[in-house]
Amino acid sequence: MDKEEKKFSSAEPINMSDSDLNFAKDIGKVAGTDLNSCLTCMSCSGGCPMYPYMDYGPHGIMRLAVLGLKKEALTSTTIWRCVGCHTCAAVCPMAINIAGVLDYLREQCINEKYPIGDKPIFEFHKAFLTSVRFHGRSSKVELMGLHKLFTIGGGPFAWFQDAYLGTKMILMGKLHLLPSRLMGSGISQVRKIFIGAWRDR
Ligand code: SF4
Ligand code: SF4
């Protein structure tokens, strides 16, 4: 993954004509947090391990939300590159649930069919959930296979580019070729979570 230049550092003026001034309020209701209390102190972005790879960073997304710039927030790479570590929330002086906000924005991006800011990461989420749906837990080998299938198709080089590392991991007992499944009622309980929540995109 390449580092990203920050969009806020661009000299281009921000176009406010499509601003949705209820956006921050709507997010706040669902994520249970008050975005308007954000001080733009940048502590969240300062502590975020993924900040170099994001187009706005968590503080930038807070600003976009407060300004009502919904499209910019929902199409950003930031919402997909967040790894949900909650470091941002832990350092925020205003106790804003930033990771919860980014979760909500990912969901909104899918629900409202906005272009996905980072398609391969979206496909990784899909591959992970496909594996969990079928086995009740994720299978790493299956996850890798599905991710390749969803993102790069059938080019022979692409399929074998991780073969060396994969073989090493199998030999070290870090990867198991056959998926392990949840036993008993566990699997049906996990599948119930997916009923009504599974969307194709
Ligand atoms: S740490 Fe909190 S107050 Fe500071 S910019 Fe981030 S969200 Fe806003
Ligand atoms: S939860 Fe996301 S935005 Fe917050 S610090 Fe971790 S990666 Fe960055």
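## Shell around ligand 1

In this predicted model, helices α2 (43–47) and α3 (57–66) each contribute at least two residues to the shell around ligand 1. The largest share comes from α3, which supplies three residues. In total, 15 residues surround ligand 1. The closest of them are Cys38, Cys41, Cys44, His59 and Cys92.

By class, the shell around ligand 1 comprises 12 nonpolar and three polar residues. Charged residues are absent from the shell around ligand 1.

## Shell around ligand 2

Ligand 2 is surrounded by 15 residues, of which Cys48, Cys82, Cys85, Thr87 and Cys88 come nearest. Two helices, α6 (87–91) and α7 (98–111), each provide at least two residues of this shell. The greatest contribution is that of α7, with three residues.

The shell around ligand 2 consists of 11 nonpolar and four polar residues. No charged residue belongs to the shell around ligand 2.

## Helix α3 and its surroundings

Helix α3, the source of the largest share of the shell around ligand 1, is largely enclosed by the rest of the structure, because nine of its 10 residues are buried. The buried residues are Gly57, Pro58, His59, Gly60, Ile61, Met62, Arg63, Leu64 and Ala65. His59 thus appears in two lists: it is one of the buried residues of α3, and it is among the residues closest to ligand 1.

Several helices take part in covering the buried residues of α3, including α1 (23–31), α2, α4 (70–74), α5 (78–81), α6 and α7. Of these covering helices, α2 also supplies at least two residues of the shell around ligand 1, while α6 and α7 each supply at least two residues of the shell around ligand 2. After α3 comes Gly68, which has a positive phi near 75 degrees.

## Overall architecture

The protein chain contains 12 helices and zero strands. From the N terminus on, its elements therefore read as an uninterrupted series of α elements, α-α-α-α-α-α-α-α-α-α-α-α. The chain is divided into domain 1, spanning 7–111, and domain 2, spanning 119–194. The centres of domain 1 and domain 2, taken over C-alpha atoms, are separated by 30 Å.

Along the principal axes, the C-alpha atoms of the protein chain fill a box of roughly 50 × 40 × 30 Å. The chain has 201 residues, and 25% of them count as buried. Among contacts in the chain with a separation of 6 or more, 65% involve residues 24 or more positions apart.

## Confidence and helix α10

The mean pLDDT of the protein chain is 86, and 94% of its residues reach 70 or more. Confidence is highest in α5, at a mean of 96, a helix that is also among those covering the buried residues of α3. Confidence is lowest in helix α10 (residues 156–160), at a mean of 73. Where pLDDT is low, the predicted coordinates should not be read in detail.

Phe160 is located in helix α10. This residue counts as exposed because it has 11 C-beta neighbours inside 10 Å, the limit for an exposed residue being 12 or fewer. Phe160 and Tyr51 lie 109 residues apart along the chain, and their C-alpha atoms are separated by 30 Å.

Technical notes: Residues numbered from 1 in each chain as written. Chains lettered and ligands numbered in written order. Predicted model: local features only at pLDDT ≥ 70, side-chain atom pairs only at ≥ 80, totals over all residues. Near = placed C-beta within 6 Å. Helix = DSSP H or I, 4+ residues; strand = E, 2+ residues; numbered from the N terminus. Nonpolar A, V, L, I, M, F, W, Y, C, P; charged D, E, K, R; others polar. Domains from an automatic or database assignment. Buried ≥ 20, exposed ≤ 12 C-beta atoms within 10 Å, placed from the backbone. Contact = placed C-beta atoms within 7 Å. pLDDT = per-residue confidence, 0-100.
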